[in-house]
Amino acid sequence: MIRLILLLIIAVCGATLPAQVAVFHDNPATAARTVDPFLIAQTAAMRPDRIADLIREPWDRYTMRVQLDPSGPRLSGEVTVQFTNRSEVDFDTIWFHLYPNHPDFGGRLDVTSAQLDGIPVPSRTLHGDTLIGLLTPHAIAPGQRATITMTFTARAPRNASQRIFGAYNMEAGVWSIASFYPLLARYIPGMGWDTRPIVARGDFTVSAMALYDVTVEAPADWRLVASGSRITYQENDSGNQLARFVSGPQREFYLAALQGLAQASAEVDGTRVVSYFRPDDPAAGERSLAIATTALRVFNQRFGVYPYAELEVIQAALTQFYGMEYPGVVLIEQSLYQRDDRVLETTIAHEISHQWWYGLVGNDAQGEAWLDEGLASYSQILYYEMIGVPEQAQAELDAFRAVYRRLRERGGDAPLATPPAGLDNGRYVPVVYAKGALFFHALRQRIGEEAFNAFLQGYVAAAGYREIAGPDLLRAAEQACECELDDLFHNWVITATEVTIP
């Protein structure tokens, strides 16, 4: 059995700094030690006091090299995925999501070759090529590690945010390249490989934590923004840049290339926050940075500290939605920057809260979307309470009440546990966002302020870097209040019982 041990040294000033990440065999006192350069590089993505998080689990590892051609826009690359079979069954097929092939992305992702442990393997696809299954030459037993290498090409649409998912699109100086690579599907206990067709309602991605080490080649006049932190940069004679990014444990890797945007930055609790915005309105750009830093600070206090070294906010052409969260990066619809109301502030706060609800505490967005969206929506209320604007917190709560009340009046109520696929006819937002937020308000009223705060902190501490389901949230709440909440959970989550609107 091999163990990973993080060696730390204490600097003279008292700060805890990484010395090295080493691999030991069974007896670390006597066995030879070899350095693990992959993990050493990952420390750059973490706050110094959270480097030990890198060895909480034997995370799967993605190593990628990607070439960007903005003239297309298109890209090509190679990805190597080292993963472990953590199930109790043999694997004869390994499944990967190919999200850009979904019609809402309006692009294309093609795997051009695939190998498992150096052996070429055949494949098959499902659901309009949104899933690819690699057929293994031998069964991968529980606990066994394997390495898959794939080459791939992808293309993205241009100026298409009015008709497709704007986070995979080049427009207004932002080439947003979300989900551009083959992403390992989750193996969900009791269900198997997640090979469901993707529902174009709510968030697309369902994935587990992994470590990413990604080198991107692109024209030097484009600014690259990605999950995690950049650790090397160089320019070659052809006018291209080579930038290497490491992520820390993240649910996916986001990449964007920007041209013509300005930036402003600040530091909050050891995390560098950067806002990218259109240069013709610097005041709005500075305002977005101020909102982001405030949100990060208050959520650090309320939920537990954001563990990563960087967080970035990008003004982008999303058009059909206000914001979108990715690990370490949030996208905000460009038109909000010109508004004189609080919609920009509310949207940034909501998306930054997703760094906890989705980012750290993962859930099945295609099955139980309320777990992250409901709590992110309620975080809007918590944000305004904590910055001392109670009238806006009340306005947010009243808005959720009004949306949910209208839903009930037209007979559209549904259990929170309803999958997005079952929430047609305009019911997704009222159920997942409004009813979801009201559930957490009802929970807060039921267990009291002290227990609710303990729930938020304990939920992140226990479920951080994991994927949870509704019963896990129930247990966390019951532990915090030392009480039973089965009736509350049953009436709001499992059934559509006519509850009292809190």
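**Exercise 1.** In this predicted model, decide whether F452 is buried or exposed, and then describe the ring pair that F452 forms with Y378.

*Solution.* We start with the accessibility of F452, which has a relative accessible area of 0%; because buried means under 20%, F452 counts as buried. The partner is treated in the same way, and Y378, also at 0%, is buried. Next comes the geometry, since a pair of aromatic rings is described by the distance of the centres and the angle of the planes. For Y378 and F452 the centres are 6.0 Å apart and the planes stand at 90°; an angle over 60 degrees counts as edge-to-face, so the pair is classed as edge-to-face. Finally, we locate the two residues along the chain: Y378 belongs to helix 4 (residues 370-386) and F452 to helix 7 (residues 449-463), which places them 74 residues apart.

**Exercise 2.** Find how many aromatic pairs the structure contains, and classify the pair of Y306 and W356.

*Solution.* The count comes to 35 aromatic pairs. In the pair of Y306 and W356, the centres lie 6.0 Å apart with 55° between the planes, and the pair is tilted. Y306 sits in the loop between helix 2 (282-303) and strand 24 (310-316), whereas W356 sits in the loop between helix 3 (343-353) and strand 27 (361-362), 50 residues away. Both Y306 and W356 are buried. As a last step, we place the two pairs in a wider setting, for ring pairs link Y306, W356, Y378 and F452 into a cluster that also includes F299, F303 and Y459.

Key: Residues numbered from 1 in each chain as written. Predicted model: local features only at pLDDT ≥ 70, side-chain atom pairs only at ≥ 80, totals over all residues. Heavy atoms only, no water. Phe/Tyr/Trp six-rings, centres within 6.5 Å; stacked < 30°, edge-to-face > 60°. Helix = DSSP H or I, 4+ residues; strand = E, 2+ residues; numbered from the N terminus. Buried < 20%, exposed > 50% of the residue type's maximum accessible area, 1.4 Å probe, protein only.
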